[in-house]
Amino acid sequence: MSAELTRNAMLHEVGADYDQKYGFSDKEDYTFKSGRGLTSEIVTKISQMKNEPEWMLKFRLRALDIFHKKPMPTWGNTKLLNDIDFQNIFYYIKPSEKQGKNWDEVPEGIKNTFDRLGIPEAERKFLAGVTAQYESEVVYHSIREDLEKQGVIFLDMDSGLREHEDIVREHFATVIPAADNKFSALNSAVWSGGSFIWVPPGVRVEIPLQAYFRINAENMGQFERTLIIAEPGSFVHYIEGCTAPTYSTDSLHSAVVELIAKKGAHIRYTTIQNWSKNVYNLVTKRAVAHEDSKVEWIDGNLGSKLTMKYPAIYLVGPRAHGEVLSVALAGEDQHQDAGAKMVHAAPDTTSIIVSKSISKAGGRTSYRGLIKAYPGATNIKSSVRCDALLMDEISRSDTYPTMEIDEKQVTIEHEATVSKVGEEQLFYLMSRGLTQAEATTMIVNGFFEPFTKELPLEYAVELNRLIQMEMEGSVG
Amino acid sequence: MTSREPILVIKDLHVAVEDKQILKGVNLTINKGEVHALMGRNGSGKSTLGYTLMGHPRYHITQGKVLFKGKDLSEMTADERARAGMYLAFQYPVAIPGVSVSNFLRASVKAVRGQDVPVKEFRKELKEHLTKLGVKEDFLSRYVNDGFSGGEKKRLEILQMALMKPQMALLDETDSGLDIDALKTVSAGITALAGPEMGILLITHYQRILNYVTPQFVHVMQDGQIVLSGSGELAHKLEAEGYDFVTKEPAVATQSRT
């Protein structure tokens, strides 16, 4: 096979094994499935089925009103956004009657799915707690006893609201109000599932907690809601993964994630997003970082049809530090519109953004970022680095950086590069005996290395394997 | 000296890059155990010959042929040539960010030798070469050629050559960008690797490296052809008189390289 043919074959094999590995679906056997479309009746029904307090129902209905009033964003991929048919989506599916505390309590079919995705195995090997969400509800949940004894709360959001209403009510929607944007409003109206984590002062959760989100039904809308509160001096690392079956019509995933790092706390939030290519992934993620705290978003976007996601950190206390490290891989018919926002609202705060993207087979990546400094945020430092790698002539990458600096004593660095997978790099590696596919994989893995090295080893290995499969396809 | 068994035979080689004819009939035979120096001004086609022999996809053979161990190279890709025993030490080695030197070396050694080398054994082998080349071990965890000094890049090229044990080594301006100490170390590395089974083609602009690696044959390239060949003495003559005596064309100031 000529070099050119090999290359084309490789590019067309992008994600070729997704269907087999993640894209399968189960027969639907649900406790409750709402009709298609979004109405106040459905919102009320969700709240009633969950036996929610009155204030939450009111919050939902108000949010629904905001959703209807807010226009679609006029930026990002407006064409794809306007293709969303909100009346064709199922907003709530309850897959089982109760939540399992061990995997035997989870309905057989769903358990098999998570088995196939390797969740119980990962749990046994290296996780301190797991929640597994299937459609709208968390069907399995566990936390290590020692953490529970230390007072760490790790629940699905619905249980969190039931069991710790006071903490939830104090913090819920304080970081991301319903009116923040159209999709946060939608999530606020129909949210279900997600994680609630509260780490007591001084407690360090050294082993990661993980949530796994699975969409199964066609035209499903999944709207999990996550709230993580790290009390002073505490540490937690939370990891989320997600996949869905491949369908010919669209599904919608629209999460809201709020993080609160109190004085001296440290939150690390890692995402490996691997939705099938028919899923819209429109997510609002934001953290508030108080004095001397540290927040890190480690954000990997491999899947979905359109992702629009810009993890934000509001640095509100002196010396708070924020980092966003993200990678995006866009293949055929994919647009990864991702980025980061850093808002410096206190002196001596620092932030780092590193964004790496790869576009191939006509895929498109965009970096969209904001650095903002309020008056009085003196002596702040921020650095932004965006590297884009194009695998061919038909793929695309854009950068949309915004800076709003209302303070003089600041140090801001911004660097952006776009490169093509160099013919010279390929030739160099091939002159050392590597085939074209091996050489390409090596270059791509190297490009993602700053991200991969931040992942727990097991995830790093899995990510490298995914990339290798995508790059090599069936080329032997 | 040796059995005079040819390892590389270049016959009437014409090469074009994007329709621009650069090599216009090169003839050269290198036998096992021989060290040849290819000299000439910038732009005379020396590096083009190196790239062409290694199989760079942008260098097209328009006429003539190259036999490597008796086999026509034209249908072989760069990786196939490497696995067959061809090696090119680059004049400007390319950075591969995020790929550590040790991972890169392991992958290439595995590819060229056709089998995985046990980690322990590989480490030991590496260490020996590192010591010889005067390189610290933390070199291995750095990213390939990323932020390397000129000397470090050239040492890595020689380190790879030592591990890959090629039968035909093309060394493209391996002396450029080196201070005198680095030049000595790198030259000693090349000399140590040379042997009765291997052919070496030293592509160089200056005579300097030839004080440390002694060629049996020296060729001068001009405008895509070898216009003069001789013994090792020829290099000294070139050093003393410049390239002008091989041509009637007016002298062109050569660029100095640092």
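**Reading a chain contact and an open sheet**

Reader: How many residues does each chain give to the contact?

Author: Residues are in contact if their C-beta atoms, placed from the backbone, lie within 7 Å. Here chain A contributes 20 residues and chain B 21 residues. The model is predicted: local features need pLDDT of at least 70, side-chain atom pairs count only at pLDDT 80 or more, and totals for chains, interfaces and linings use all residues. Residues are numbered from 1 along each chain as its sequence is written, with chains lettered from A and ligands numbered from 1 in the order in which they are written.

Reader: Which helix supplies the largest share of the side of chain A that touches chain B?

Author: Helices (H or I, at least four residues) and strands (E, at least two) are DSSP runs, numbered from the N terminus. The largest share, 8 residues, comes from H13(A).

Reader: In what order do the strands of the open sheet in chain B lie?

Author: Strands pair if DSSP finds at least two bridges between them. In chain B, 6 strands follow the order S6-S9-S10-S3-S11-S12, with mixed pairing. Strand S6 (86-89) and strand S12 (225-231) of chain B each have a single partner strand, so one side of each lacks a neighbour in the sheet.

Reader: How do S6(B) and strand S9 of chain B run, and how many bridges join them?

Author: They run parallel, joined by 4 bridges. Met86(B) has Met168(B) in S9(B) as its bridge partner. Helix H5 (residues 150-164) of chain B packs on the sheet, touching S6 and S9 of chain B. Angles run from 0 to 180 degrees between N-to-C directions, with axes fitted to C-alpha atoms, for helices over the stretch in contact. The direction of H5 of chain B makes about 170° with that of S6(B).

Technical notes. Two residues are in contact if their C-beta atoms, placed from the backbone, lie within 7 Å.
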